[in-house]
Amino acid sequence: MSWNAETIRQKLNGPLALLFGGKSSERQISLKSGNAILEALQRQEIPVTVIDPADANWMEKLADHQNAFIALHGPGGEDGTIQGALECLGVNYTGSGVMASALAMDKLRCKRLWLGEGLSTPHFMELHADSDWQATSDILGQAIVKPACEGSSIGMSRADNAEELRTAWQLAKDYGRVFAEQWVTGAEFTVAILNGEALPAIRLETDASFYDFNAKYISNDTRYHCPSGLSEAKEREIQQLALAAFEAVGCRDWGRVDVMQSESGHFYLLEVNTIPGMTDHSLVPMAAKQAGLDFDQLVLRVLSSSLERSGN
Ligand SMILES: Nc1ncnc2c1ncn2[C@@H]1O[C@H](COP(=O)(O)OP(=O)(O)OP(=O)(O)O)[C@@H](O)[C@H]1O
Ligand SMILES: [Mg+2]
């Protein structure tokens with residue numbers, strides 16, 4: 001569904017609550033995403049109220065709003081909790097619902113679900129204080145250790161042997177449950193999903209050992225290729241895989257699925273992001289542009305699909 005600004009103003013029937021900031025470790029990214037979305041809405045004369053859930057009175061500010069655009073990242077904003085609060089308050093909102101948001105935030109549960117659906121994701125093992133590091137290392141070989149419920153590569157590190165596994169677990173454990181995943185050597189892709197369709201895949205290239213926090217937000221050396229350079233058949237395959245992964249989790253409206261490709265050409269699902277970054281330099285706007293949608297149109301598309309549920 002794609003409505004123009006005029007129709008959206010009518011459907012909103014009052015100001016749109018734009019939620020950004022929040023308390024997660026991704027607050028700074030959310031401030032950037034939120035401000036970019038705010039400017040897009042203002043350019044299109046959509047009435048907006050800015051709300052930061054880190055403020056004590058955010059719920060009072062939200063009263064009287066019928067619709068919200070959520071531009072929060074990470075725990076507390078992307079994990080179903082805000083979505084649940086909005087459900088209770090009767091506020092319609094953009095993006096995935098409570099269950100899908102919570103599931104997508106939890107990489108471990110997501111991977112188990114994908115395996116159950118026959119969708120491919122790298123082999124993995126949950127880690128604990130009493131894990132047998134040597135046995136885990138023997139089974140997985142080269143690995144990457146991740147907190148189950150964080151984003152932006154926070155708490156993640158590569159571990160190629162038993163000792164490195166234990167050190168990596170120690171770096172990650174303060175973020176909650178932790179797992180080790182088999183390292184995939186090969187190209188990295190991300191596929192944006194918008195209104196039930198996969199947008200063109202983006203291939204990411206970094207000189208770092210993986211796409212870490214620095215490569216994501218600080219370095220100017222990270223390279224993004226869209227079109228991705230995949231053959232037509234492989235592009236279709238990755239889009240279908242991303243869409244199937246998104247739908248298996250029960251996501252809706254928009255999101256982004258991260259995928260690695262092994263040297264033999266096989267695709268492996270890493271994770272799904274239900275509220276991806278939305279700065280001018282972010283990946284979803286980049287894919288949208290390749291599909292012929294500018295930033296302002298993308299914002300209206302996301303909003304349109306949520307307004308379809310508003311009953312106005
Ligand atoms: N199995 C793997 N093999 C090789 N590299 C990996 C693997 N898993 C993750 N990576 C690298 O680590 C990065 C971050 O991993 P992932 O996407 O799982 O976590 P994230 O921190 O939640 O990401 P985001 O910021 O997109 O939410 C990937 O973009 C990729 O470069
Ligand atoms: Mg990722």
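**Ligand 1, the magnesium ion and the chain around them**

An oxygen atom of ligand 1 lies 2.6 Å from an N or O atom in the side chain of Lys107. This is a predicted model. The protein chain is assigned three domains: domain 1 (5-95 + 293-301), domain 2 (104-120 + 185-274) and domain 3 (124-182). Ligand 1 lies between domain 2 and domain 3, because both give residues to the shell around it. The magnesium ion is ligand 2, and its protein donors are Asp258 and Glu271.

**Ligand 1: contacts and cover**

- Glu188 places a polar side-chain atom 2.3 Å from an oxygen atom of ligand 1.
- Asn273 also has a polar side-chain atom by an oxygen atom of ligand 1, at 2.9 Å.
- On its own, ligand 1 has 620 Å² of accessible area, and the protein covers 96% of it.
- The elements giving two or more residues to the shell around ligand 1 are β6 (143-147), β8 (178-182), β13 (254-262) and β14 (267-273).
- In total, 22 residues surround ligand 1.
- The closest residues to ligand 1 are Lys107, Lys146, Ser153, Glu188 and Lys216.
- By class, the shell around ligand 1 holds nine charged, eight nonpolar and five polar residues.

**Magnesium site**

- Asp258 (OD) and Glu271 (OE) are the protein donors of the magnesium ion, and they lie 2.0 Å from it.
- The two donors link distant parts of the chain: Asp258 is in strand β13 and Glu271 in strand β14, 13 residues apart.
- Asp258 has a relative accessible area of 8%, so it is buried.
- Glu271 is at 14% relative accessibility and therefore also counts as buried. The cut-off for buried is under 20%.

**Thr190, a polar partner of Asp258**

- Thr190 is located in strand β9 (residues 186-194).
- Its relative accessibility is 2%, so Thr190 counts as buried.
- The side chain of Thr190 makes a polar contact with the side chain of Asp258, at 2.6 Å. Asp258 is a donor of the magnesium ion.
- The Thr190 side chain also reaches the backbone oxygen of Val257, at 3.3 Å.

**Backbone exceptions**

- Most residues other than glycine have a negative phi, and most peptide bonds are trans.
- The peptide bond between Cys226 and Pro227 is cis, with omega about 10°.
- Pro227 sits in the loop between β12 (223-225) and α10 (232-249).
- Asp253 is not a glycine, yet its phi is positive, at about 70°.
- Asp253 belongs to the loop between α10 and β13. At 8% relative accessibility, Asp253 counts as buried.
- Glu45 has a positive phi too, near 55°, and is a residue other than glycine.
- Glu45 is in the loop between α2 (27-43) and β2 (48-51). At 60% relative accessibility, Glu45 counts as exposed.

**Domain layout**

- Domain 1 (5-95 + 293-301) and domain 2 (104-120 + 185-274) are each assigned as two segments, whereas domain 3 (124-182) is one.
- The C-alpha centres of domain 1 and domain 3 lie 34 Å apart.

How values were computed: Residues numbered from 1 in each chain as written. Chains lettered and ligands numbered in written order. Predicted model: local features only at pLDDT ≥ 70, side-chain atom pairs only at ≥ 80, totals over all residues. Heavy atoms only, no water. Near = heavy atom within 4 Å. Polar contact = N/O pair within 3.5 Å; in protein donor to acceptor, adjacent residues only side chain to side chain. Areas by Shrake-Rupley, 256 points an atom, 1.4 Å probe, with all protein chains shown as cover. Helix = DSSP H or I, 4+ residues; strand = E, 2+ residues; numbered from the N terminus. Nonpolar A, V, L, I, M, F, W, Y, C, P; charged D, E, K, R; others polar. Domains from an automatic or database assignment. Donors = N, O, S within 2.8 Å, 3.2 Å for Na, K, Ca; no water. Buried < 20%, exposed > 50% of the residue type's maximum accessible area, 1.4 Å probe, protein only.
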